[in-house]
Amino acid sequence: MGHLVTSVAPLPLQGGGLGRFIDPFAQFLTDITNLEPVLLQLLAFGLLLGGVYALTALGLTMIFGVMDVINFAHGIFLVVGMYSVWLVSETAGISPFIGIPIAAAVLFAFGVIVHILTVEPIIEAPQQNQLIATLGVLFIVQSAIEIVFTPDPQQVELSLGSVQVGDVFIPLGQFYALVIALGTMLAVRAFLNRTDLGRKIRGTADNRNGARYVGINVRRINYLTFGIGAALAGVAGGSIALFQRFDPFTGETYLINAFVIVILGGLGSFPGAFVGGLIVGLIQVFGGYYLPGTTAQVLIFLLFIGTLLVKPEGLFGGAEA
């Protein structure tokens with residue numbers, strides 16, 4: 001995700017061996033002590049990237065929280081959202097911002113179809129069956145996109161620029177994605193808490209058998225939940241397309257970090273997904289600046305493993321979605 005920190009060059013590394021890993025942390029502490037201006041810029045980039053990551057994790061955590069399904073197709077749902085916004089923008093001349101709700105509608109319908117054809121028939125089977133089925137969906141759709149649109153990167157023709165607040169530059173594309181993430185999370189929480197259908201979804205998440213006993217159509221809740229989760233991926237993918245080039249394989253990196261965020265924040269927790277996204281974004285941006293190579297991603301995976309060992313239910317585990 002280096003595209004978020006291109007205006008802040010990584011620090012040159014001094015020495016070798018163990019010093020390559022100790023020196024960056026010492027430099028970070030020195031910068032904090034001296035209140036270096038670069039820290040504010042990195043903080044801004046980290047929060048913006050974290051908002052994007054949180055948005056990618058919302059649909060994943062909803063599907064897992066309600067249906068207990070590990071959806072490996074989530075990454076390709078993001079990509080379908082990106083291409084949907086790009087298509088309506090390029091072919092119909094529609095604003096990409098209008099294209100985002102269109103992408104959500106397309107992904108809702110696509111998610112319902114995927115669920116009915118691949119997930120519902122094996123919903124009671126061992127979890128690895130669902131994992132393999134959704135992984136198959138990922139490969140099939142990814143190959144179809146590659147055949148139709150070629151593997152070449154695409155880009156929405158949109159120049160948003162940036163604004164300066166004091167000494168901090170804020171790219172507007174990422175800022176809008178952060179606003180969309182916050183708005184989407186609040187809208188879905190309101191839907192789950194204040195509507196009859198939302199309460200049925202929450203009831204099914206709490207106790208599937210109990211939901212059946214009180215007359216809730218759990219099968220209908222399943223495909224609606226999967227559709228909503230896919231629609232959230234469409235919103236995330238469309239938002240990413242506002243500022244980033246993409247190809248059929250772009251969703252893979254986001255999918256990996258989305259799984260880390262879901263585990264970190266707590267399965268099924270929307271606030272957990274948002275906070276987890278911010279944490280992962282900050283680690284990636286600060287790590288990309290201070291640490292060598294891909295060490296930042298290593299830190300993210302160490303955080304993932306540590307969370308599983310120390311607090312497997314996640315930071316917001318047990319909290320209401």
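Trainee: In this model, is Thr150 buried, partly exposed or exposed?
Mentor: The model is a predicted one, and the label for a residue follows from its relative accessible area, where under 20% is buried and over 50% is exposed. Thr150 has a relative accessibility of 33%, and a value in between those two limits has its own name. Thr150 therefore counts as partly exposed.

Trainee: Where along the chain is Thr150 found, and what is its phi near?
Mentor: Thr150 belongs to the loop between H5 and strand S1, the strand that covers 162-165. The backbone angle phi is positive here, in a residue other than glycine, and its value is near 70 degrees.

Trainee: How many helices and strands does the protein chain have?
Mentor: Reading from the N terminus, one meets the elements in the order α-α-α-α-α-β-β-α-α-α-α-α-α-α. Taken together, the secondary structure comes to twelve helices and two strands.

Trainee: Which radius of gyration does the protein chain have, set against a compact globule?
Mentor: The C-alpha atoms fill a box of roughly 65 × 50 × 35 Å along the principal axes. For 321 residues, a compact globule would have a radius of gyration near 20 Å, and the chain agrees with this because its own value is 20 Å.

Trainee: What share of the residues is buried, and what share of the contacts joins residues at least 24 apart?
Mentor: Of the 321 residues in the protein chain, buried ones make up 49%. The contacts in question are those between residues at least 6 apart in sequence, and among them the share that joins residues at least 24 apart is 79%.

Trainee: How many positive and negative side chains are there, and how far apart do the centres of the two sets lie?
Mentor: The exposed area of the protein chain is about 14400 Å², of which carbon and sulfur atoms supply 66%. As for charge, there are 12 positive and 17 negative side chains, and the centres of the two sets are separated by 15 Å.

Trainee: Which residue does Arg219 meet in a salt bridge?
Mentor: Side chains of opposite charge can pair when their charged atoms come close. Here the N to O distance is 3.9 Å, and the partner of Arg219 is Glu120. This pair links distant parts of the chain, 99 residues apart, with Arg219 in helix H9 and its partner in the loop between helix H4 and helix H5. Arg219 is partly exposed at 49%, whereas a relative accessibility of 15% makes a buried residue of the partner, Glu120.

Trainee: How far apart in sequence are the parts that Arg212 and Glu124 tie together?
Mentor: The side chains of Arg212 and Glu124 meet in a salt bridge, at 3.5 Å from N to O. Arg212 lies in helix H8 and Glu124 in the loop between H4 and H5, so the separation in sequence is 88 residues.

Trainee: Is Glu124 buried or exposed?
Mentor: Arg212, its salt-bridge partner, has a relative accessible area of 38% and is partly exposed. Glu124 has 62%, and because this value is over 50%, Glu124 is exposed.

Trainee: Which residues does His115 touch beyond its neighbours in sequence?
Mentor: His115 is found in helix H4 and is buried, with a relative accessibility of 1%. Its C-alpha atom is 8.2 Å from that of Asn222, although the two residues are 107 residues apart along the chain. Not counting residues up to four places away in sequence, His115 touches Met67, Glu120, Pro121, Asn222, Tyr223 and Phe226.

Trainee: Which residues is Tyr176 in contact with, leaving aside its neighbours within four places?
Mentor: Tyr176 lies in helix H6 and is partly exposed at 30% relative accessibility. The C-alpha atoms of Tyr176 and Ile240 are 9.7 Å apart, while 64 residues separate the two in sequence. The residues in contact with Tyr176 are Phe97 and Leu160.

Trainee: Is Thr184 buried or exposed, and which residues does it touch?
Mentor: Thr184 lies in helix H6, which covers residues 172-194. Its relative accessible area is 12%, so Thr184 is buried, as the limit is under 20%. Not counting residues up to four places away in sequence, Thr184 touches Leu55, Leu58, Leu232 and Val235.

Key: Residues numbered from 1 in each chain as written. Predicted model: local features only at pLDDT ≥ 70, side-chain atom pairs only at ≥ 80, totals over all residues. Heavy atoms only, no water. Helix = DSSP H or I, 4+ residues; strand = E, 2+ residues; numbered from the N terminus. Rg over C-alpha atoms; globule rule 2.2 N^0.38 Å. Buried < 20%, exposed > 50% of the residue type's maximum accessible area, 1.4 Å probe, protein only. Contact = heavy atoms within 4.5 Å. Areas by Shrake-Rupley, 256 points an atom, 1.4 Å probe, with all protein chains shown as cover. Lys, Arg positive; Asp, Glu negative; His and termini not counted. Charge placed at Lys NZ, Arg CZ, Asp CG, Glu CD. Salt bridge = Lys/Arg side-chain N within 4 Å of Asp/Glu carboxyl O.
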